[in-house]
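Welcome! Have the sequence and the 3D view ready, and follow along one piece at a time.

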Amino acid sequence: FVERGWKLKSLHKLILMSRTYQQSARATPDALRLDPGNMLFGRASMRRLAAEEVRDSILSVSGTLNLQAGGASVYPKIPKEVLAGQSVPGSGWPTSPPEQANRRSVYVHIKRSLQVPILIQHDQADADSSCPVRYTTTVPTQALGMLNGEFTNSSAAAMATRLQKEAPELEGQVRHGIRLTAGRLPTDDDVKKDLAFIGELKEKLKLSDADAMKQYCLLLLNTNEFVYLD
């Protein structure tokens, strides 16, 4: 570190390129037997994305993330059902235009009595009290919010539109969707099962091609591979 002139950038590069940092969370049978709690750091510990990472990742894969840097805070759209809980519904929350609302979560305004649902559901710090450390929870409201929330459903629709633009055939759209959300190349079995799922949506629920793809994208956003790093 001293040899590099006490530069943090070079230290960050050293850490990120190390074998330890790049370890997989997958454990061998021997590793699980000898160190089940991973106290010796023989592998990476799987972790769920933080609240801001969840929101930013959804915007990124849907193709709507605005990477503009700097400037004033933004106010993403909050469902009217959430606003109704205020003493004066909507007070102090001037909803930003869509292109500004889709900026990274670091720019989202923090209001003590009103927080963006996708963020507070995934353990964003409670603005009502001091928060020396964040805890990662796994509770039913997270899954319910991801499946039924206005933000995730509109993002799924945007992602479906993106896939249809970037891949001409249905199989290509499925492969591209898995690649975006899981961060890996899909197997042929993955593609086969997902194509069957889309076909079932259209056959049993009588959904159009566009609506079936939207529901498929919503499924992808709700997979463990999307919200957990391994």
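## Where two helices meet: H8 and H11

Let's begin with a pair of packed helices in this predicted model. The axes of H8 and H11 are 8 Å apart, and the two helices pack at an angle of about 115°. Their crossing is right-handed.

Which residues bring the two together? On the H8 side they are Thr152, Asn153, Ser155, Ala156, Ala157, Met159, Ala160, Leu163 and Gln164. These meet Asp209, Ala210, Met213, Lys214, Cys217, Leu218, Leu220 and Leu221 in H11.

Try clicking on Asn153, which sits in helix H8. Is Asn153 buried or exposed? Its relative accessible area is 18%, and under 20% counts as buried, so Asn153 is buried. Leaving aside residues up to four places away in sequence, Asn153 touches Leu147, Asn148, Lys214 and Leu218.

## Other partners of H8

Helix H8 covers residues 150-166, and its axis comes within 9 Å of the axis of H9, crossing at roughly 125°. That angle makes H8 oblique to H9. The crossing of H8 past H9 is right-handed. From H8, the contact uses Met159, Arg162, Leu163, Gln164 and Glu166, while H9 contributes Gln173, His176, Gly177, Leu180 and Thr181.

Next, look at H3 beside H8. The axes of H3 and H8 come within 8 Å and cross at roughly 30°. Angles under 35 degrees count as roughly parallel, and H3 and H8 are therefore described that way. In H3, the residues Arg55, Ile58, Leu59, Ser60, Val61 and Ser62 meet Phe151, Thr152, Ser155, Ala158, Met159 and Arg162 in H8.

## Helix H10 and its two sides

How far apart should the ends of H10 be? This helix has 17 residues, 188-204, and at 1.5 Å a residue it should span 24 Å. The C-alpha atoms at its ends are 24 Å apart, which agrees.

Now color H10 by burial. Its buried residues are Val191, Asp194, Ile198 and Leu201. Looking down the axis of H10, you will find these buried residues within an arc of 85°, so they line one face of the helix. They pack against helix H9 (170-182) and helix H11 (209-221). On the other side of H10, the exposed residues are Asp188, Lys192, Lys193, Glu203 and Lys204. After H10 comes Lys206, with a positive phi near 60°.

## Residues in the loops

Val74 lies in the loop between helix H3 (51-62) and helix H4 (80-83). With a relative accessible area of 2%, Val74 is buried. What does Val74 touch, not counting residues up to four places away in sequence? Its contacts are Ser96, Gln100, Arg103, Tyr107, Val108 and His109. You can also pick out His122, which is 48 residues from Val74 in sequence and 19 Å from it in space, C-alpha to C-alpha.

Two other loop residues have a positive phi. Asn38 has a phi near 55°, a positive value in a residue other than glycine. You will find Asn38 in the loop between helix H2 (29-34) and strand S1 (47-48), and it is buried at 6% relative accessible area. Asp123 is not a glycine either, yet its phi is positive, about 75°. Asp123 belongs to the loop between helix H6 (117-121) and helix H7 (140-148), and its relative accessible area of 15% makes it buried.

## An exposed proline

For a contrast, find Pro98 in helix H5, residues 98-101. Is Pro98 buried or exposed? At 60% relative accessibility, Pro98 counts as exposed. Its C-alpha atom is separated by 36 Å from that of Gln22, and the two residues are 76 apart along the chain.

## Stepping back to the whole protein

How many helices and strands does the protein have? Its secondary structure comes to 12 helices and 2 strands. Along the sequence, the pattern is α-α-β-α-α-α-α-α-α-α-α-α-α-β.

The C-alpha trace spans about 55 × 50 × 35 Å along its principal axes. Of the 230 residues, 31% count as buried. Finally, take the contacts between residues at least 6 apart in sequence: 59% of them join residues at least 24 apart.

Definitions and conventions
Residues numbered from 1 in each chain as written. Predicted model: local features only at pLDDT ≥ 70, side-chain atom pairs only at ≥ 80, totals over all residues. Heavy atoms only, no water. Helix = DSSP H or I, 4+ residues; strand = E, 2+ residues; numbered from the N terminus. Expected span 1.5 Å × (residues − 1). Buried < 20%, exposed > 50% of the residue type's maximum accessible area, 1.4 Å probe, protein only. Arc of directions from axis to C-beta. Contact = heavy atoms within 4.5 Å. Axes fitted to C-alpha atoms, helices over the stretch in contact; angles between N-to-C directions. Parallel < 35°, antiparallel > 145°, perpendicular 65-115°, else oblique. Left-handed = near helix turned anticlockwise from the far one by under 90°.
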